[in-house]
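Me: I should like to study a molecular structure by question and answer. Could each reply set out its reasoning before it gives the result?

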Amino acid sequence: MPERRRSATTAERLGRMLVIVPYLVQHPGTSLESASGIFDVPRDQLRRDLDLLFMSGLPPYGPGDLIDVDIDEDGGVWISMADHFARPLRLTRPEALAVYLRATELLATPGIPDAPALASALGKLRDALGPEALGDGIEGAIAGIAPPHLDALRAVAAEHRRIRIEYTAASTGERSVREIEPEAVFASAGHWYVVAWDVAADGERLFRADRVAAVEATSERFEPRGLEGAGRQLYTPGDHDLAVRLLLRPAARWVAEYYVTADVVARADGTVEATLPARQTGWVAKLLLRLGPDAEVLDPPELRAEIAEIAAAALERYGR
Amino acid sequence: MPVDEGMEPLERLLNLVGLLLETEHPMTFEEIRGTLPAYGGDNLDSAKRKFERDKDILREYGVPLEMAATDVWDVEHGYTIPKDRYYLPEIAFTPEEVTALFVAAQSASEETVAARGVRKLLYGAEGGVLAGVESGPLVAGSDTRSARVVAAADAASARRRVRFGYRTSQGAVSDRVVDAYGVVFRGGHWYLVGRDEERNAVRAFRLSRYTTEIEDVGDGSAPAAGFRAIDHVEAGPWQLSAEDRALVATAPGTVVLVESTFPGVVRERTRDDGWVVLAVPAADEQALAAMLLQFGADVEALEPATLRDEVIRRLRASMDA
């Protein structure tokens, strides 16, 4: 239905104009380029919309009643005769809530840059929009502390600088020095991550920022490959992954939520059968040691011997 | 499609918004038709249809298009857009504040409600805005679709009673009826905090564990004075906080892992064999003993003796299993 599709586009364009025009009125001389970037509108589309604005105005729609749009040779936009569009449309309630919720999430993440500015911006927003838009009871709590090298990692990622890091992998417990090209630093589910190209492995790797023990910048810069940052899967299954099948009793049910699972089947007796993909079994064996009687190995059976082996080695530490 | 007689719909809509914002009295459709040439023409029905469609578009974008009596006798009704409901109030943000909001609203998925909301706020920024905001989103979307978070926040702020299916961390699924009091973000997760009707007690419900959408079932209740939703959300089992500290010896290569597991760890000293002695917050000895086992033979519990004994007991049990 072309008619319907066209009206949707018109609605979007209207919504956009009611927001962009006030910005341009308040910031005279803003370039088309930068407005197109800030409002995420293709330059040509923005130009077409501004050309239409030029033909609108107030009654009686004589030459002196129409909005005046001037785009100078440097691409700077100047709008006059648009007093009625000098301020934008209010935020809808879902928009105000979404902004507030998003910012609350960010403020509750330890190590966030610009936290004081964000907090004061939220205060102003709250004062201006009032409780009817934002309501009460939206709270965030900072959990944990920022990784010690977070700022350094963010700085080198922004500069596209190759670095050497000392890293401890949780899966193997091994510490290594790696040369990486960090592309993005982001937080997810309470932890900070670095997405990077591992030079020696010649592949993409994801590092937990709090397990980076040292950062040393090299003089080398790199061209970003466009690795996926925030929003990516935290675990990328590999071709050689083992499928570890565990039986989880209620007290260990959280394992199926906390770790990436390939399959989770709830049984009638309240237990859960979970399949975890694992590159190696070392970390699963130690996890099972932690869970004790709350979990059981279903597959592979060799995992049971591995657990006993680690337990024996640990008991030796205690002189038993 | 000749419906617009050469005039772009966007132009017509911009004119309509301007007209109804600036009009001193509510305008009937006939008056609007007489003023805006876009609704003119011979065919009254088609002009009316066009106007109806335009009204829908305006309302879809949150333009407060209202009907009011055109005179005191209340005989005739017309359209108007009240300025105080249309315009965003003046908010003066510093460039740092606007940048922080803009970054906060960025998301991995292309266009979000938050991003749309923040763009409306940019007009109030003083000076050059958003220089150098090219770092991409900082925080991945939280553990649940943001629509559910908005619904929960909505219910809490309006003090509504809601119903939803919920699976506990232990795996039990049941229907809950809850008076919504607040939403809390903690440790990477959103929670709805409220009074659980059946249990008659305040509980926190992690949104990622809902098995249904949130359904509004009526008026709720108000929390007691001084209520703080955040006090009702416990940190996860792996986050311990306490005055008491346990001492553990850690293999050199494992120190970073232990530190990243227990927030608030302090390095006490390095032993001659290279192992590092760490002071770990120890609120719950049972939980701490279990967590130390996750480091296998690379961590040794030193003090208190009860913790050490508990670790040994658990290790023996695993040998026998």
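The questions below concern confidence, domains, one helix, one residue and the contact between the chains.

Me: What pLDDT does chain A average in this model?
Reply: The model is predicted, and pLDDT expresses the predictor's confidence in each residue. In chain A, 95% of the residues score at least 70. The average pLDDT of chain A is 86.

Me: Over which residues of chain A is the pLDDT below 50?
Reply: Where pLDDT is low, the predicted coordinates should not be read in detail. The stretch in question has 2 contacts in the model beyond near neighbours in sequence. The pLDDT is below 50 over residues 1–8 of chain A.

Me: What distance separates the centres of domain 1 and domain 4 of chain A?
Reply: The domain assignment places domain 1 of chain A at 2–85 and domain 4 at 242–317. Domain 2 (93–134) and domain 3 (150–221) are also assigned in chain A. Taken over C-alpha atoms, the centres of domain 1 and domain 4 of chain A are separated by 60 Å.

Me: How far apart are the end C-alpha atoms of helix 5 of chain A?
Reply: Helix 5 of chain A has 15 residues, 115–129. At 1.5 Å a residue, helix 5 should span 21 Å. The model agrees with this expectation, for the end C-alpha atoms are apart by 21 Å.

Me: Within what arc do the buried residues of helix 5 of chain A fall?
Reply: The buried residues of helix 5 are A:Leu118, A:Ala121, A:Leu122, A:Leu125 and A:Leu129. On the other side of helix 5, A:Pro116, A:Gly123 and A:Asp127 are exposed. Seen down the axis of helix 5, the buried residues line one face of the helix, because they fall within an arc of 100°.

Me: Is B:Asp175 buried or exposed?
Reply: B:Asp175 lies in strand 4 (residues 173–186) of chain B. A residue counts as exposed if 12 or fewer other C-beta atoms lie within 10 Å of its own. B:Asp175 has 12 other C-beta atoms within 10 Å, so B:Asp175 is exposed.

Me: Which helix of chain A gives the most residues to the side that touches chain B?
Reply: The contact takes 103 residues from chain A and 99 residues from chain B. Elements of chain A that give two or more residues to this side include helix 1 (2–26), helix 4 (93–107) and strand 5 (175–188). The side of chain A that touches chain B divides into 59 nonpolar, 23 polar and 21 charged residues. With 12 residues, the element that gives the most to this side of chain A is helix 4.

Definitions and conventions:
Residues numbered from 1 in each chain as written. Chains lettered and ligands numbered in written order. Predicted model: local features only at pLDDT ≥ 70, side-chain atom pairs only at ≥ 80, totals over all residues. pLDDT = per-residue confidence, 0-100. Contact = placed C-beta atoms within 7 Å. Domains from an automatic or database assignment. Helix = DSSP H or I, 4+ residues; strand = E, 2+ residues; numbered from the N terminus. Expected span 1.5 Å × (residues − 1). Buried ≥ 20, exposed ≤ 12 C-beta atoms within 10 Å, placed from the backbone. Arc of directions from axis to C-beta. Nonpolar A, V, L, I, M, F, W, Y, C, P; charged D, E, K, R; others polar.
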